[in-house]
Amino acid sequence: MTYNKRSAGAEYELMASDYLIGKGYRILRRNYRVRQAEIDIIAFKDDTYVFVEVKYRKNSVSGTSLEAVTVTKQKKISKAALYYMNQNRIDIYTANIRFDVIGIDGGKITHIENAFSYIG
């Protein structure tokens, strides 16, 4: 059987979406893509737009899922979030935004709220 990284990623993003819904989040968008960047989940809760990166690791051989969200990745997510806000006429100066990371290691979900700040 061939391992399909894209379908596995979609499976874990769905798991993360279900987790967030269970915590009272409203999912606005999944797999939001712009040139050279993607946001796995865009959600809304308590008057805050939440941009979520989902990472999965089967084991810790190459580090944990949370360690995989590098500064380079954070910059790309930040730029995509800015584009999303502009595209949807969300005022970047007054809206509450947050960047979260959901790590899935094996079957364990770890949700880090405010995992990083906007990087321009």
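The following is a conversation between a trainee and a mentor about a predicted model of one protein chain.

Trainee: How many helices and strands are there in the chain?

Mentor: The predicted model contains 2 helices and 5 strands. Starting at the N terminus, the elements follow the order α-β-β-β-α-β-β.

Trainee: What share of the residues counts as buried?

Mentor: The chain has 120 residues, and 38% of them count as buried. Its accessible surface comes to about 7500 Å², and carbon and sulfur atoms make up 48% of that surface.

Trainee: Let us turn to the strands. Which strands pair, and in what sense?

Mentor: Strand β2 (residues 37-45) pairs with β3 in the antiparallel sense, over 5 bridges. Within this pair, Ile42 stands opposite Phe51 of β3. The two strands form a hairpin with 2 residues between them.

Trainee: And what sense holds for β3 and β4, parallel or antiparallel?

Mentor: β3 and β4 run parallel and are joined by 10 bridges. Here Tyr56 stands opposite Ile104 in β4. Ile104 also has a bridge partner in β5, namely Ile109.

Trainee: How do β4 and β5 pair?

Mentor: Strand β4 (residues 96-105) and strand β5 (residues 108-116) pair in the antiparallel sense over 6 bridges. They form a hairpin with 2 residues between them, and Gly106 in the turn has a positive phi of about 65°.

Trainee: Which residue has a positive phi in the turn between β2 and β3?

Mentor: That residue is Asp46, with a positive phi of about 50°. Most residues other than glycine have a negative phi. Asn31 is not a glycine, yet its phi is positive, about 55°. Asn114 likewise has a positive phi, near 55°, and is a residue other than glycine.

Trainee: Where are those two asparagines placed?

Mentor: Asn31 is in strand β1 (residues 26-34), while Asn114 is in strand β5. Asn31 is partly exposed, with a relative accessible area of 26%. Asn114, at 53%, is exposed.

Trainee: Back to β3. Why is strand β3 described as largely enclosed?

Mentor: Strand β3 covers residues 48-57, and 8 of its 10 residues are buried, so the rest of the structure largely encloses it.

Trainee: Which charged residues of that region form salt bridges?

Mentor: Glu53, Lys55 and Lys73 are linked in a network of salt bridges. Between Glu53 and Lys55, the closest N and O atoms are 3.6 Å apart. Both of these residues are buried. Between Glu53 and Lys73, the corresponding distance is 3.8 Å. Glu53 lies in strand β3 and Lys73 in helix α2, so this pair ties together parts that are 20 residues apart in sequence.

Trainee: Are Glu53 and Lys73 buried or exposed?

Mentor: Glu53 has a relative accessible area of 2% and is therefore buried. Lys73 is partly exposed, with 23%; the limit for buried is under 20%.

Trainee: How many salt bridges are there by this rule?

Mentor: The count comes to 4. Among them is the one between Asp100 and Arg98, whose closest N and O atoms are 2.8 Å apart. Asp100 counts as buried because its relative accessibility is 0%. Arg98 also counts as buried, at 13%.

Trainee: Now helix α1. Which residues does Glu13 touch?

Mentor: Glu13 lies in helix α1 (residues 5-22). Leaving aside residues up to four places away in sequence, it touches Arg30, Asn31, Glu38, Asp40, Ile41 and Val54. Its side chain has a polar contact of 3.5 Å with the side chain of Asn31.

Trainee: Why has Glu13 no salt bridge with Arg30?

Mentor: Arg30 is the nearest side chain of opposite charge, but it is 4.5 Å away. A salt bridge requires the nitrogen and oxygen to be within 4 Å, so this pair does not qualify. Glu13 is nevertheless buried.

Trainee: One last topic. Which residues does Val34 touch?

Mentor: Val34, in strand β1, touches Ala80 and Tyr83, not counting residues up to four places away in sequence. Val34 and Lys76 are 42 residues apart in sequence, and their C-alpha atoms are 9.7 Å apart in space.

Trainee: What polar contact does the side chain of Gln87 make?

Mentor: It makes one with the side chain of Tyr32, at 2.8 Å. Gln87 is found in helix α2 (residues 71-87) and is partly exposed, with a relative accessible area of 44%.

How values were computed
Residues numbered from 1 in each chain as written. Predicted model: local features only at pLDDT ≥ 70, side-chain atom pairs only at ≥ 80, totals over all residues. Heavy atoms only, no water. Helix = DSSP H or I, 4+ residues; strand = E, 2+ residues; numbered from the N terminus. Buried < 20%, exposed > 50% of the residue type's maximum accessible area, 1.4 Å probe, protein only. Lys, Arg positive; Asp, Glu negative; His and termini not counted. Polar contact = N/O pair within 3.5 Å; in protein donor to acceptor, adjacent residues only side chain to side chain. Contact = heavy atoms within 4.5 Å. Pairing = 2+ DSSP bridges. Areas by Shrake-Rupley, 256 points an atom, 1.4 Å probe, with all protein chains shown as cover.
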